[in-house]
Amino acid sequence: MNAFLSAKDVSRIFPSRQKGKPPFLAADQVSFDVKENEFVSILGPSGCGKSTILTIIGGFDSPSSGEISLRGKRISGPSKDRGFVFQSDALFHWLTVEENVGYGLKIQGYPAAKRKEIVEHNLQLVGLTKFRNASPGQLSGGMRQRAAIARSLATDPSILLLDEPFGALDVLTRKTMQDELALIWEKTQKTVVMVTHSIEEAVLLSDRILIMTCSPGRIREEIVVGLPRPRSPRDPAFRKLELHITDLIMQELRQAGAS
Amino acid sequence: MKLNLLDILQVFAMSKIPLRGAVSIVLLIAVWWLVTSGLQLFSALVLPPPEAVFSAAMTLLFDPDLSLFSGGIYNGSLLGHAVISTGRVLLGFGLAVVLAVPIGVLIARSPKLEPYVDPVLQVFRPIPPIAWTPLAILWFGIGLESITFLICLGAFWPMLLNTISGIREVPPILGRAAASLGANRRQVLFTAVLPAAVPFLFTGLRLSFGAAWTTIVAAELIAASEGLGYLIMNARRILAAPDVIVGMLTIGFLGLVFDYLFRAIEKRLYARIA
């Protein structure tokens, strides 16, 4: 299969705010491919340019050099083709859950009947049918993220971009949400690029994991997760892979600290 | 938007302000009575007692021609003056909103514009509308145009500044979320950024409307032959202190009524905010 999403030598340099300080190299010649229907995670410690890359895929930022293309078309701005789920609080708080999920469909001019049907389907998918008329402010953090995922899935984008989607949740909610996202992904087979700093989350969900290193942000390693689904963190093979990745990252951090 | 008396009453009832507010108002009137009629600390010429103001209000409302000093000098009843002033305030305020909101949105949405615009804003903002009066007369002559210009100036700044900060306070991810769902630039503005800024915009509306009322007396000083500002200044000229206070309190009362009206509209428009 050809590359569906392709990043070629993507660098992003942020000019320094203070005079005399060197500019910050957030991403340094990052290249990777994502196949259709593949779930790829970008994993790394905080502040390593993971979100920078995802923001560029989303079209909200442009690379300083290099390019990212989707289906061979260079990305130059946001598009309904690329659904984006933010870490938190990106729901439209003046709309109900239902209206949030239907927002993209309405913007794109779907007829009301069709809209209703799609919204219903997606509310069911994330288990929020009972909360259709609630406002985001009345929902828990986990439910808000479910609504955000449903909102992004509703318009059926080619690819779903998840920016630490469960990063703001407590540990228990986070685990539940990870399991649910695994189920949703199996049902929809959507192409996903997820940014996370949780190794367990990456191993649980991904087909492939790209490990990023810090300053400058580079992809150090690519790991194919061959484990059968559904996966369990209790599985010894799961544990082994998790430890292997932990070692890799720790080694990297030590090297960065020594230099 | 449908807005009936019931909604307004409901906001009154829910805000709990009326009851406690009524207590303070009764208390204030009691103190006022005490220092005037009660203990005779102030002469009626300097601070007329509440009952004198009340009877002046009744005369001005129902028998303006019989008014103690005036004999028709006020050129119509209190209600007429109030309606005329309200009309002028609404005109100047409306114009200010129509100008300030788009300009504010433009400034807030173009960060490159800010360094150019900001110094200008900071220079003009502190100039009180009354200082513009000579220029207003030079430019627009004596009449409604000058009055509208001055009220508009007074109302413009609070609306502009609240629009700018309201739009700036909207988290960028809301706009990004809308864009990733297919919204174009115009749709991002109208369906994500502006709705998110509604509380700020309403604060702007209320402050701006208050500022419009603050400006009206100064504006009506110019050359009005009617209006609450005219009434107050004319009453001052003939030393009718009760009539001055009636005019003042009418402005305060109208300001209060419109403030509640704005709150009621905002509540209706934005009922879903948690």
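The largest nonpolar core of this structure has 134 residues, and those with the most contacts inside it are A:A150, A:V193, B:I151, B:A155, B:F156, B:M159 and B:A212. The model is a predicted one. Helix α7 of chain B, spanning residues 144-169, gives the most to this core, with 13 residues. In soluble globular proteins, nonpolar side chains tend to be buried together.

**Nonpolar core**

- Chain A enters this core through both domain 1 (5-81 + 160-258) and domain 2 (92-156), each of which supplies at least three residues.
- B:F156, one of the core residues with the most contacts, touches B:A96, B:L99 and B:A100 when neighbours within four places in sequence are left aside.

**Contact between chains A and B**

- Chain A brings 22 residues to the contact and chain B brings 18 residues.
- On the side of chain B that touches chain A, α8 (172-180) and α9 (185-196) of chain B each provide at least two residues.
- α8(B) accounts for the largest share of that side, 6 residues.
- By residue class, the side of chain B that touches chain A comprises 12 nonpolar, 4 polar and 2 charged residues.

**Six-stranded sheet of chain A**

- An open sheet of 6 strands in chain A follows the order β6-β7-β8-β3-β9-β10, and its pairing is mixed.
- Its edge strands are β6 (82-85) and β10 (218-224) of chain A, each of which pairs on one side only.
- On average, neighbouring strands of this sheet are turned by 20° against each other, direction ignored.
- Within the sheet, strand β3 (residues 39-43) and strand β8 (residues 191-196) of chain A are paired in the parallel sense over 5 bridges.
- In this region, A:L43 is placed opposite A:T196 of β8(A).
- Helix α4 of chain A (residues 141-154) lies across β6 and β7 (159-163) of chain A and runs at about 175° to β6(A).

**Four-stranded sheet of chain A**

- A further open sheet in chain A has 4 strands in the order β2-β1-β4-β5, with antiparallel pairing.
- β2 (24-34) and β5 (73-74) of chain A stand at the edges with a single partner strand each, so one side of each is left without a neighbour in the sheet.
- Strand β1 (residues 5-14) of chain A runs antiparallel to strand β4 (residues 65-70) of chain A, and 5 bridges join them.
- A:S11 is found opposite A:S65 in β4(A).
- Strands of a sheet pair through backbone hydrogen bonds, either parallel or antiparallel.

Methods
Residues numbered from 1 in each chain as written. Chains lettered and ligands numbered in written order. Predicted model: local features only at pLDDT ≥ 70, side-chain atom pairs only at ≥ 80, totals over all residues. Contact = placed C-beta atoms within 7 Å. Nonpolar A, V, L, I, M, F, W, Y, C, P; charged D, E, K, R; others polar. Pairing = 2+ DSSP bridges. Axes fitted to C-alpha atoms, helices over the stretch in contact; angles between N-to-C directions. Core = buried A, V, L, I, M, F, W, Y, C linked by C-beta atoms within 7 Å. Buried ≥ 20, exposed ≤ 12 C-beta atoms within 10 Å, placed from the backbone. Domains from an automatic or database assignment.
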